[in-house]
Amino acid sequence: MELRTETVLASLEMTEGESDAGSSEGDADYESLPAHASLCTHMTAGAVAGVLEHTVMYPVDSVKTRMQSLQPDPKAQYRSVYGALKRIVRTEGFLRPLRGLNITVLGAGPAHALYFACYEQIKRSLSDVIQNGGNSHIANGVAGSVATVLHDAIMNPAEVVKQRMQMYNSPYRSLYDCVLTVSRKEGLAAFYRSYSTQLTMNIPFQAVHFITYEFMQEHFNPQRQYRPETHILSGAAAGAVSAAVTTPLDVCKTLLNTQENVALSSARVSGPLSGMVNALRTVYRLGGVPAFFKGARARVIYQMPSTAIAWSVYEFFKYSLTQQEQHIQELGRGAQKASPT
């Protein structure tokens, strides 16, 4: 009996050892994300993620801007994103959906570098206070909101130029022509006319965005390892939820950016439209409650993949750059040990 008991215990210990080895081998496929990456790493990863996010999905963004027009030209009325892209390419040229991309790329790099770096630093500091370093939805929301202020300060002028060039029958020949014409006719303040509205929209957007992303990561990637599929899934969910709930504010922002002449004339607005309250009132006057959800489908279709791209690229570069920094540091320490004293 004693021999049989020892045999059973030995077999149980072997089984437990094999299962532990198997789990460690499974976890070895992914390595933990860096808990404390450098500021330079956050900024570099953020810049690359921002440029790719806006570049890949830019044609859909062009469609979204046009579909949010409150008084569209009969030739620019679209039923679907695909139908809109098809008609734009057929009637206006293959590159027309990319018009204004250059100013977006110029703004997206530095804007997203500050955006992600600010978010990571504030999130870490607040999480240490609120949850002793653990995940805090309050910290995520506050960090995302503060990061948005810096991001929009850079991106708002780019958004004004981009959306004016995206509109149907845009009168501007080039990026330079648009900047020059707007600054001459409306003054430099025109590039920040929608800034308060942009913040009113983007602060709740980014708060919902970051809370949703971190919530999804908490459930699908609790060990916070580098798992591309979870970053894509979490990013897509965050983009969809935040885009859907803030569409009415995005419609107001588009009207302030484009200063749509036909729409403003119909609403009997003289001079440039400014201010969130005036924008809300004008949108309601022109189309009632449904007008606040114009382009909602295009906005969600744009945000889901673009946010998934942004997070997956950001996490990849953050992981890769940190691994490279650690490797260089290890080589340096090895060289110091090897050198004679």
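This section describes the helical make-up, burial and salt bridges of a predicted model.

The chain contains 13 helices and 0 strands. Read from the N terminus, the order of elements is therefore an unbroken series of α entries, with no β element between them. The chain has 341 residues, of which 47% are classed as buried. Among contacts with a sequence separation of 6 or more, 78% involve residues 24 or more positions apart. The surface exposed by the chain comes to about 17200 Å², and 62% of this area is supplied by carbon and sulfur atoms.

The structure holds 17 salt bridges. One of these pairs the side chains of Glu-92 and Arg-66, with an N to O distance of 2.8 Å. Glu-92 belongs to helix α4 (residues 81-92) and Arg-66 to helix α3 (residues 58-67), so this salt bridge ties together parts of the chain that are 26 residues apart in sequence. The two partners fall into separate accessibility classes. Glu-92 has a relative accessibility of 26% and is counted as partly exposed, because the partly exposed class begins where the buried class, under 20%, ends. Arg-66, at 4% relative accessibility, counts as buried.

A second salt bridge joins Lys-318 to Glu-120, where the closest N and O atoms are 3.2 Å apart. Here the linked parts of the chain are distant: Lys-318 is in helix α13 (residues 296-338) and Glu-120 is in helix α5 (residues 101-131), 198 residues apart. Both residues of this pair are buried.

Lys-318 also forms a salt bridge with Glu-315, for which the closest N and O atoms lie 3.4 Å apart. This contact is made inside one helix: Glu-315 and Lys-318 are 3 residues apart in helix α13, so about one helical turn separates them. Glu-315 has a relative accessibility of 5% and counts as buried. The value for Lys-318 is 7%, which also places this lysine among the buried residues. Lys-318 thus has a salt-bridge partner in helix α5, Glu-120, and another in helix α13, Glu-315.

Other charged residues are connected through shared partners. Asp-61, Lys-64, Glu-159, Lys-162, Asp-250, Lys-253 and Arg-299 are joined by such salt bridges into one network.

Methods
Residues numbered from 1 in each chain as written. Predicted model: local features only at pLDDT ≥ 70, side-chain atom pairs only at ≥ 80, totals over all residues. Heavy atoms only, no water. Helix = DSSP H or I, 4+ residues; strand = E, 2+ residues; numbered from the N terminus. Buried < 20%, exposed > 50% of the residue type's maximum accessible area, 1.4 Å probe, protein only. Contact = heavy atoms within 4.5 Å. Areas by Shrake-Rupley, 256 points an atom, 1.4 Å probe, with all protein chains shown as cover. Salt bridge = Lys/Arg side-chain N within 4 Å of Asp/Glu carboxyl O.
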